[in-house]
Amino acid sequence: MRSSIDVHNHLLADEIRHELSRLPGPLRDLAAAPAALGLPAAAVARPTLLIDRDGVVLILAPADLDVDVAQVAELLGREGLHPVAPDRAPGLTGYLMPFVPPVALECPVTVVLDEQLARQDVVYAAAGEPGLILKVRGVDLVKVTSAVVCSAVAPR
């Protein structure tokens, strides 16, 4: 299994300024992070992992919004995309499902970043393990992941 050290080292190698911070308590996933940390939900990137015969897609969307899988699949021209089962995530990415970070994954990945996150000065994302969170500038997150920036969430 990979850890936050892999995330840190990956970002250092790409000269991306970032912070890894310890969370005040255990979180089951990043959906609870905005309330626990007093952050706007639009600044917290909750990961959604999809797969098809062409590989893995990691979608980062605001913590309080649901990903529109059909919309993302259409945008990428990958109609067969479907969610990765949580027990498959470690074998594909090296990380447990709720803590899949945006970088340092074991497999090649296409990253999709919701436009709301891309507009944030600072984005908080999974750091690769429970109890830690990654803080990085939105523009740097786009740069380091070569993310496709688009509307990736379902309308409310």
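**Figure 1. S4 in helix α1 of the predicted model.** S4 is found in helix α1, in a model that is predicted. Its relative accessibility is 6%, so S4 counts as buried. The cut-off for buried is under 20% relative accessible area. Setting aside neighbours within four places in sequence, S4 is in contact with L20, A127, E129 and L132. Two of these contacts, A127 and E129, can be found again in Figure 4, where they help to line the largest cavity. S4 and T93 are separated by 89 residues in sequence, and their C-alpha atoms lie 13 Å apart in space.

**Figure 2. The surroundings of A125 in strand β6.** A125 belongs to strand β6, which covers residues 122–126. Is A125 buried or exposed? With a relative accessible area of 0%, A125 is buried. Not counting residues up to four places away in sequence, A125 touches L30, A45, P102, I133 and L134. V100 is 25 residues from A125 in sequence, and the C-alpha to C-alpha distance between the two is 8.8 Å.

**Figure 3. L49 and the largest nonpolar core.** The largest nonpolar core has 32 residues. Which members touch the most other members? They are V7, L11, L49, L60 and L113. The view is centred on L49. Leaving aside neighbours within four places in sequence, L49 is in contact with V56, V57, L58, H82, P83, V84, A89, T93 and M97. Another core, of 13 residues, lies apart from the largest one, and its members include L65, A73, V112 and V153.

**Figure 4. The largest cavity and its lining.** The count of cavities of 30 Å³ or more comes to 1. The largest cavity has a volume of about 50 Å³. Its lining is made of L23, L27, L30, F99, A126, A127, G128, E129, P130, G131 and L132. How many of the lining residues are nonpolar, polar and charged? The lining divides into 8 nonpolar, 2 polar and 1 charged. L30 is part of this lining, and L30 is also touched by A125, the residue of Figure 2. L132 is another lining residue, and L132 is in contact with S4, the residue of Figure 1.

**Figure 5. The salt bridge between R2 and E106.** Side chains of opposite charge can pair when their charged atoms come close. A search of the whole structure finds 5 salt bridges, one of which joins the side chains of R2 and E106 at 3.6 Å, N to O. R2 lies in the segment before α1 (4–13) and E106 in the loop between α4 (89–93) and β5 (109–114), so the pair ties together parts that are 104 residues apart in sequence. R2 has a relative accessibility of 28% and therefore counts as partly exposed. E106, at 45% relative accessibility, is also partly exposed.

**Figure 6. The salt bridge between K135 and E19.** The side chains of K135 and E19 meet in a salt bridge with an N to O distance of 3.9 Å. This pair links distant parts of the chain, 116 residues apart: K135 is in strand β7 (residues 132–137) and E19 is in strand β1 (residues 18–22). K135 counts as partly exposed, at 26% relative accessibility. E19 is partly exposed, with a relative accessible area of 42%.

**Figure 7. The salt bridge between D54 and R53.** In this view, the side chains of D54 and R53 form a salt bridge, 3.5 Å from N to O. Are these residues buried or exposed? D54 is exposed, and R53 is exposed as well.

**Figure 8. Positive phi at E15 and A104.** E15 is not a glycine, although its phi is positive, at about 55 degrees. Where does E15 lie? E15 is in the loop between α1 and β1. It is exposed, with a relative accessible area of 71%. A104 also has a positive phi, near 65 degrees, in a residue other than glycine. A104 is placed in the loop between α4 and β5. At 9% relative accessibility, A104 counts as buried. The loop that holds A104 is also the loop that holds E106, the residue of Figure 5.

Methods. Residues are numbered from 1 along each chain as its sequence is written. This is a predicted model: local features need pLDDT of at least 70, side-chain atom pairs count only at pLDDT 80 or more; totals for chains, interfaces and linings use all residues. Side-chain values use heavy atoms; hydrogens and water are left out. A nonpolar core is a set of buried Ala, Val, Leu, Ile, Met, Phe, Trp, Tyr and Cys residues joined through side-chain atoms within 4.5 Å. Buried means under 20% relative accessible area, exposed over 50%, partly exposed in between (1.4 Å probe, protein chains only). Contact means heavy atoms within 4.5 Å. On a 1 Å grid over the protein atoms alone, a cavity is a set of points where a 1.4 Å probe fits but cannot get out, and a pocket is an open set with protein on both sides within 12 Å along at least five of seven lines; lining residues have an atom within 4 Å of a point. Grid points are joined across faces, edges and corners, and a volume is the space filled by probe spheres set on the points. Ala, Val, Leu, Ile, Met, Phe, Trp, Tyr, Cys and Pro count as nonpolar, Asp, Glu, Lys and Arg as charged, and the others, Gly among them, as polar. A salt bridge is a side-chain nitrogen of Lys or Arg within 4 Å of a carboxyl oxygen of Asp or Glu. Helices (H or I, at least four residues) and strands (E, at least two) are DSSP runs, numbered from the N terminus.
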